[in-house]
Amino acid sequence: MDLITAKDLNNKLINEEISSYEVTKMILERIKKSKLNSYITTCEESALKSSIEADKKFSEKSSDITPLTGIPVMVKDNISTKNIKTTAASKILKDYIPPFDATVVKHLKNAGAVILGKGNMDEFAMGSSNETSSYGPVLNPWDTNKVPGGSSGGAASAVAAGECYLALGSDTGGSIRQPASLCGVVGMKPTYGLVSRYGLIAFGSSLDQIGPIARSVEDCGNLLNIIAKKDSFDSTSVTSPYENFTEDIHKDIKNMKLAVPKEYITENVDSSVKNNFMESLSILSNLGASIEEISLPLTEYALAVYYIIAPSEASANLSRFDGVKYGISTKNAKNSTEYIREVRGSGFGEEVKRRILIGTYALSSGYYDAYYKKAQQVRTLIINEFNEAFKKFDALVTPTSPILAFELESKNNDPLSMYMSDICTIPANIAGLPAISVPSGMSNNLPIGLQFMGPQFGDKKILQIAYNFEKTAQWNKLNTFEND
Amino acid sequence: MDDLTREEILKISELSYLELTDEEISKLQKELSDIIRYFTLLNKLDTKNVELTGHTTKAQSVMREDEVHPPLKTEKVINNAPQTSGEFIKVPPVLE
């Protein structure tokens, strides 16, 4: 019952086979018993209240029932929720209660969703294993000795383990797709600008994008339909070219032109991932899509560009955390400067400090041209290279993560090796492209994901391709772990 | 590139308003240097006359009507400040 999709639950709710209250209550109980640590905060009272409101709509056959009405969802803890603690998994925001809702949260509420609580994550979304959270690591439900990926590790783990039906994550360099891949669920980063970032605690503003994590491609698309709206509170948000991202999802993909950029299939890709990728390609080819190998030689520079641009933007964005308007405080500082240095020194974790320092270095006088400006120029070249490829192809297909879920604490002492786990997902953020990860198989009882990247505003098409793949491959139906 | 010196790390930490322990400083000397050395990979590319990309949307100076919206309630906002006095936020001395 509990590992059905949001769409199936929606049907049961409409037919009044079960109430949202019962489902919400059951999931809240499961979260309480869970060892996965996927939530930082749960909001039992307000969740049950929303579920009762939703049930009222179903019993009245109300006209404003949406695919989200009465569906229990999780919101990543860097997305502001009015009157619900929002920490971004940082000690520096341990008691922060936003006085407003992020625009996406308003959309969820208007659609009648039941917000269960706030998802654990890497601190300020900086990490690929969920181990930089100040509230403890999240465990991978398939193997609790393994990481769930990051930074939206709580969201992916909860969706996989039946601790919510849908989740909102954020993706700056793969933070939705990589954990979705490692936990065997679907995760999508929409085109930059499609979803408002208002109320998202900023990390790298030119890269950040909020997106859905779900148990099926269609659920992902249905959630995107609710949140993809232009917002006057985010000047980078755009009017969606589509009213409905899922209307063509059932159409076949015969004659679609797909390309595999060979630079994504390096010797760093685990052999199990590589073998699975080849099998996925034959599924796509049997579905009638053509597949061609291409070269995107600038791919090898994407990681360096990302680790200059993201920390540079982060060092500016995180300057607001000074222990004045919100955050922790210290007692002994003699003056403001000392106070701010102490608050930030004790409030931020290791990875966050590392990135603030890298960003400050890259932006500092004497180094700006060599690093930040250079990275922005290479960013232009990478975008041009993608644009050329999308003149000929509908989408690119790659593995989502080069490796399977890894052991907890196995990469903590080597930041660069941790950064490498995002090598296949980072380019989409650099170019602002939509990308989706969909389950494509298992190795040693650990999930593997397949990634589709489309041109800007190609969101609808990659959903269609991913849906067709999912329908044939059926890996999303496999949830065999003990989740209670 | 040689490893960053202790003084260089201190300089960056000062610009970043981050207090670091001695242990953190020596660890960061190696870690930051490794990461920055990795960045020099970009020098292989000629970027003369290439435009900069700041944002991937082409949006520039987005304008909207200047409409009045109800502001947030002072108490809700001020409740998050670690030190307050009445309606005000309290901070340590700025000028000594």
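Visitor: Is C220(A) buried or exposed?

Guide: In this predicted model, C220(A) has a relative accessible area of 0% and is therefore buried.

Visitor: How many disulfides does a search of the whole structure find?

Guide: A disulfide requires two cysteine sulfur atoms within 2.5 Å. Over all chains, the search finds zero disulfides. C220(A) takes part in none, and its nearest cysteine sulfur, in C164(A), lies 12 Å away.

Visitor: Why is C424(A) without a bond to the closest cysteine sulfur?

Guide: The closest cysteine sulfur belongs to C183(A) and is 17 Å from that of C424(A), so the separation is too far for a bond. C424(A) also counts as buried, at 1% relative accessibility.

Visitor: How should one read empty space in the interior, and how many cavities of 30 Å³ or more are found?

Guide: The general idea is to roll a probe the size of a water molecule over the atoms, which shows where empty space is left. Here the search of the whole structure yields four cavities of 30 Å³ or more. The largest cavity has a volume of about 60 Å³. It is lined by 13 residues, and those closest to its centre are A125(A), G127(A), S175(A), Y306(A) and D422(A).

Visitor: How do the residues of that lining divide into nonpolar, polar and charged?

Guide: The lining of the largest cavity comprises four nonpolar, seven polar and two charged residues.

Visitor: Let us turn to the backbone. Which residues have a positive phi although they are not glycine?

Guide: As a general rule, most residues other than glycine have a negative phi. Among the exceptions here is K61(A), with a positive phi of about 50 degrees. K61(A) sits in the loop between α3 (44-59) and β2 (72-76) of chain A, and it is exposed, with a relative accessible area of 57%. F457(A) is another case, its phi being positive at about 65 degrees. F457(A) belongs to the loop between β11 (446-453) and α15 (459-473) of chain A and is partly exposed, at a relative accessible area of 26%.

Visitor: Is the peptide bond from G150(A) to S151(A) cis or trans?

Guide: Most peptide bonds are trans. The bond from G150(A) to S151(A), however, is cis, with omega near 10 degrees. S151(A) lies in the loop between β3 (114-119) and α5 (153-160) of chain A.

Visitor: Finally, in chain B, where is D2(B) placed?

Guide: D2(B) is in the segment before α1 (6-15) of chain B. Its relative accessible area is 67%, so D2(B) is exposed. D2(B) and S33(B) are 31 residues apart in sequence, while their C-alpha atoms are 7.6 Å apart in space.

Note on methods
Residues are numbered from 1 along each chain as its sequence is written. Chains are lettered from A and ligands numbered from 1 in the order in which they are written. This is a predicted model: local features need pLDDT of at least 70, side-chain atom pairs count only at pLDDT 80 or more; totals for chains, interfaces and linings use all residues. Side-chain values use heavy atoms; hydrogens and water are left out. Helices (H or I, at least four residues) and strands (E, at least two) are DSSP runs, numbered from the N terminus. Buried means under 20% relative accessible area, exposed over 50%, partly exposed in between (1.4 Å probe, protein chains only). On a 1 Å grid over the protein atoms alone, a cavity is a set of points where a 1.4 Å probe fits but cannot get out, and a pocket is an open set with protein on both sides within 12 Å along at least five of seven lines; lining residues have an atom within 4 Å of a point. Grid points are joined across faces, edges and corners, and a volume is the space filled by probe spheres set on the points. Ala, Val, Leu, Ile, Met, Phe, Trp, Tyr, Cys and Pro count as nonpolar, Asp, Glu, Lys and Arg as charged, and the others, Gly among them, as polar.
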